[in-house]
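Okay, everyone, thanks for coming. Let me put the picture up, and then I'll walk you through it.

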Amino acid sequence: PLTVPEEAERYLARGKSAFEDAKEPAEFKDAVLQFLRARDAAPWYGPIYYSLGVAQSTAGSYRAARENLSLYLV
C-alpha cells in the first residue's frame, strides 16, 4: 500500500479542524483549501476526497462536492 505523506496528514488535520470551527458557509472555504492541499499531496488517499466533498457541499460548491464524493466512492 502507498504511504500517506506527513504533509498530507497535516493538511487533512488542519482541514478537519477548520471544518469543525466553521459556522457559516463562507467559513468552510478554509477547510476546503486545506483539503485541496492534502489532495495535492496524496491524490490516491480516498478519505481526503470524502472530507473535501463534505466541506465543499457545506460551502455551497455542490458540483465540486459531487465530483469529489464520486471519486471517494471509486
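So, helix 3 passes helix 4 in a left-handed crossing. Left-handed here says that the near helix is turned anticlockwise from the far one by less than a right angle; clockwise would be right-handed. The helices themselves are DSSP runs of H or I with at least four residues, strands are E runs of at least two, and both are numbered from the N terminus.

Before I go on, a word on where this comes from: it's a predicted model, where local features need pLDDT of at least 70, side-chain atom pairs count only at pLDDT 80 or more, and totals for chains, interfaces and linings use all residues. Residues are numbered from 1 along each chain as its sequence is written, and side-chain values use heavy atoms, with hydrogens and water left out.

Back to our pair. The axes of helix 3 and helix 4 come within 8 Å and cross at roughly 160°. Those axes are lines fitted to C-alpha atoms, for helices over the stretch in contact, and the angles run from 0 to 180 degrees between N-to-C directions. That makes helix 3 roughly antiparallel to helix 4. On the cut-offs: over 145 degrees counts as roughly antiparallel, under 35 as roughly parallel, 65 to 115 as roughly perpendicular, and the rest as oblique.

Who does the touching? On the helix 3 side, the contact includes Tyr49, Leu52, Gly53 and Gln56, and on the helix 4 side, Asn68, Leu69 and Tyr72 are among the residues. Contact just means heavy atoms within 4.5 Å. By class, there are 11 nonpolar, five polar and no charged residues in this contact. Nonpolar covers Ala, Val, Leu, Ile, Met, Phe, Trp, Tyr, Cys and Pro; charged is Asp, Glu, Lys and Arg; the others, Gly among them, are polar.

Let's stop at Asn68, which sits in helix 4. Is Asn68 buried or exposed? Asn68 counts as buried, at 6% relative accessibility. The cut-offs are under 20% relative accessible area for buried, over 50% for exposed, and partly exposed in between, with a 1.4 Å probe and protein chains only. Leaving aside neighbours within four places in sequence, Asn68 is in contact with Arg39, Tyr49, Leu52, Gly53 and Gln56. Also in helix 4, which covers residues 62–73, we have Ser70. Ser70 is partly exposed, at 38% relative accessible area.

Asn68 brings us to Arg39, which has its place in helix 2, residues 28–41. Arg39 is partly exposed at 24% relative accessibility. Apart from neighbours within four places in sequence, Arg39 contacts Ile48, Tyr49, Leu52 and Asn68. Take Arg39 and Leu52: they are 13 residues apart along the chain, and their C-alpha atoms are separated by 8.5 Å.

That leads to the next pair. How do helix 2 and helix 3 lie relative to each other, parallel or antiparallel? They are roughly antiparallel, with axes that come within 9 Å and cross at roughly 155°. The crossing is left-handed. In helix 2, Phe35, Leu36 and Arg39 are among the residues that meet helix 3, where Ile48, Tyr49 and Leu52 are included. This contact splits into 11 nonpolar, three polar and two charged residues.

One more from helix 2 is Gln34. Gln34 is buried, with a relative accessible area of 8%, and not counting residues up to four places away, Gln34 touches Tyr11, Arg14 and Gly15.

Third pair: the axes of helix 1, residues 6–21, and helix 3, residues 46–59, come within 11 Å and cross at roughly 30°. That makes helix 1 roughly parallel to helix 3. Leu12, Lys16 and Phe19 of helix 1 make the contact with Ile48, Ser51, Val54, Ala55 and Thr58 of helix 3. Here we get five nonpolar, two polar and one charged.

Finally, let's zoom out. The chain has four helices and zero strands. The C-alpha trace spans about 35 × 25 × 15 Å along its principal axes. Of the 74 residues, 34% count as buried. And of the contacts with a separation of 6 or more, 45% come from residues 24 or more positions apart.
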